[in-house]
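Let's take a walk through this protein together, with the structure open in front of you. We will stop at a few residues along the way and ask what surrounds them.

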Amino acid sequence: MKKNIEISPNIATLFGTRDENLHLLEHGLNVTINLRAESVEITGAATDVGRAEQVFADYEHLLRNGHNFVNGDLGAMIRVLTADSTATLRGLAEAGKQRSFGKRTVQPKSINQRRYLEAIEKHDMVFGIGPAGTGKTYLAVAMAISALLSKRVNRIVLARPAVEAGERLGFLPGTLQEKVDPYLRPLYDALYDMLEPEKVDRYLEKNVIEIAPLAFMRGRTLNDAFVILDEAQNTTSEQMKMFVTRLGFNSKAAITGDVTQIDLPNANRSGLVEAVEILGKVEGIHFCYFDEGDVVRHHLVQRIIRAYEDHKGRNEQLSLSLELKNGNGYATTGSGDARVYTTSLAREAPLAEPLPAEASPPSPNRVSE
């Protein structure tokens, strides 16, 4: 099927830098787009051409109604709608406009980010699990600010376990708050990115926004609050159980973490890993999973994450090959997915030859002459 769309004023801004948005549409919708003197020619299957035509119509409608696309939001929306056949450009843009994120307009940049935002709206407790840079914490903070500004909650509580990332910082000077602030800095960064600094400081001073280490949560009941637990992979089983039972009336909780970056001495005791197993089927709790395709940082971050995953896969394959090759020459210890294979030296090592008679050590009971 072939369809010609007349080029209207300002429609060229849809094309993007070096027509990158048109390339996204071609690849995502499996169509061919050719620019003519006064029209755009779309070729492909009828359904795909219809969806591409809808993108152009939606874009014109949004421009007429004064919608502005900033910070690559348009490209991000195109990626989402090409991945989700039920999504439309107009629907994505208007959904983002309905939420108030302070000085920022936050748009999901992948299909998993969109599902994450929708899950936070629909469920009282959501787990966001995935690698670094996928927007888990940033989007959770954005939804918390939206809930606060729209008066759906009265306060925001942000918590993080105070665990060093493979380091031991030792004694830190200052007051208790100054000691724990370095661990909570990413949460401050997200707040200052979305709200005016003066407003953030005022909210912090009045405890409308509270940022605290996880240990401070014990014994509390959090009503009318949006609660976020960041770096949840570094919680112990006891800490995770303590946190998820803090939820009070009219409250929401978002729990984020990356199970590939556990800094606990014993990775098998991560509260996040255990929560996935225990709470996976509990009604009202939703789990959202991200992968390297959702990374919204520098494009190198996607490649770095993929390289580490490939390296991990090769090591696991090597361990499996060695196990199969040696048969019973290996003993398995540990439980779950954390397995350690140790060589059974008693089976593989040759028997030691006996010492010559003259070299035999003296008997401990023999008296020297």
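A good place to begin is Asn 30, which sits in the loop between helix 1 (20-29) and strand 2 (32-35). Its backbone deserves a look: Asn 30 is not a glycine, yet it has a positive phi of about 60°. Asn 30 is also exposed, because its relative accessible area is 60% and anything over 50% counts as exposed. Please keep in mind that what you are viewing is a predicted model.

Glu 231 offers a second example of this backbone feature. Here too the residue is not a glycine, and phi is positive, at about 55°. You will find Glu 231 in the loop between strand 7 (225-229) and helix 9 (237-244). With 26% relative accessibility, Glu 231 counts as partly exposed.

Now step back for the overall view. The protein chain contains twelve helices and eleven strands. Of its 369 residues, 40% count as buried. The accessible surface of the chain comes to about 21,500 Å², and carbon and sulfur atoms account for 50% of that. Sequence distance is worth a thought as well: among contacts between residues at least 6 apart in sequence, 70% join residues at least 24 apart.

Two buried residues let you see what such surroundings look like. Start with Ala 142 in helix 6 (residues 136-149). Is Ala 142 buried or exposed? Its relative accessibility is 0%, so Ala 142 counts as buried. Once neighbours within four places in sequence are left aside, Ala 142 is in contact with Phe 101, Val 106 and Met 194. Another residue to locate from here is Leu 191: the C-alpha atoms of Ala 142 and Leu 191 are separated by 8.2 Å, while the two residues are 49 apart along the chain.

The other buried residue is Val 227, in strand 7. Val 227 has a relative accessible area of 2%, so it is buried. Which residues does Val 227 touch, not counting those up to four places away in sequence? They are Val 157, Leu 222, Phe 243, Leu 247, Lys 252, Ala 253 and Ala 254. For one of these partners, Phe 243, the C-alpha atom is separated from that of Val 227 by 9.6 Å, and the two residues are 16 apart along the chain.

Let's turn to charged pairs. Side chains of opposite charge can pair when their charged atoms come close. How many salt bridges does a search of the whole structure find? The search finds nine. One of them joins the side chains of Glu 53 and Lys 3, at 3.7 Å from N to O. This pair links distant parts of the chain, since Glu 53 belongs to helix 2 (residues 46-64) and Lys 3 to strand 1 (residues 2-6), 50 residues apart. Both ends are partly exposed: Glu 53 has a relative accessible area of 29%, and Lys 3 has 28%.

Glu 41 and Arg 36 also meet through their side chains in a salt bridge, with an N to O distance of 3.0 Å. In this pair, Glu 41 is buried, with a relative accessible area of 11%, whereas Arg 36 is partly exposed at 43%.

Next, look for Arg 269 and Glu 238, whose salt bridge has its closest N and O atoms 3.0 Å apart. This pair too links distant parts of the chain: Arg 269 lies in the loop between strand 8 (252-257) and helix 10 (271-279), and Glu 238 lies in helix 9, 31 residues apart. Arg 269 is partly exposed, with a relative accessible area of 36%, and Glu 238 is partly exposed at 47%. Elsewhere, salt bridges that share partners join Asp 84, Arg 114 and Glu 118 into one network.

We finish on the surface, with two patches. Glu 196, Glu 198, Asp 201 and Glu 205 form a negative one. Of this group, Glu 205 is found in helix 8 (residues 197-205) and is exposed, with a relative accessible area of 68%. The other patch is nonpolar and is formed by Leu 300, Ile 304 and Tyr 308, which together have about 330 Å² of accessible area. Tyr 308 lies in helix 11 (residues 299-326), and its 60% relative accessibility means that it counts as exposed.

Definitions and conventions:
Residues are numbered from 1 along each chain as its sequence is written. This is a predicted model: local features need pLDDT of at least 70, side-chain atom pairs count only at pLDDT 80 or more; totals for chains, interfaces and linings use all residues. Side-chain values use heavy atoms; hydrogens and water are left out. Patches are made of residues with over 30% relative accessible area and no salt bridge: like charges are joined within 9 Å, nonpolar side chains (Val, Leu, Ile, Met, Phe, Trp, Tyr) within 5 Å. Accessible areas come from the Shrake-Rupley method with a 1.4 Å probe; for residues, only the protein chains shown count as cover. A salt bridge is a side-chain nitrogen of Lys or Arg within 4 Å of a carboxyl oxygen of Asp or Glu. Lys and Arg count as positive and Asp and Glu as negative; His and the chain ends are not counted. The place of a charge is taken as NZ of Lys, CZ of Arg, CG of Asp or CD of Glu. Helices (H or I, at least four residues) and strands (E, at least two) are DSSP runs, numbered from the N terminus. Buried means under 20% relative accessible area, exposed over 50%, partly exposed in between (1.4 Å probe, protein chains only). Contact means heavy atoms within 4.5 Å.
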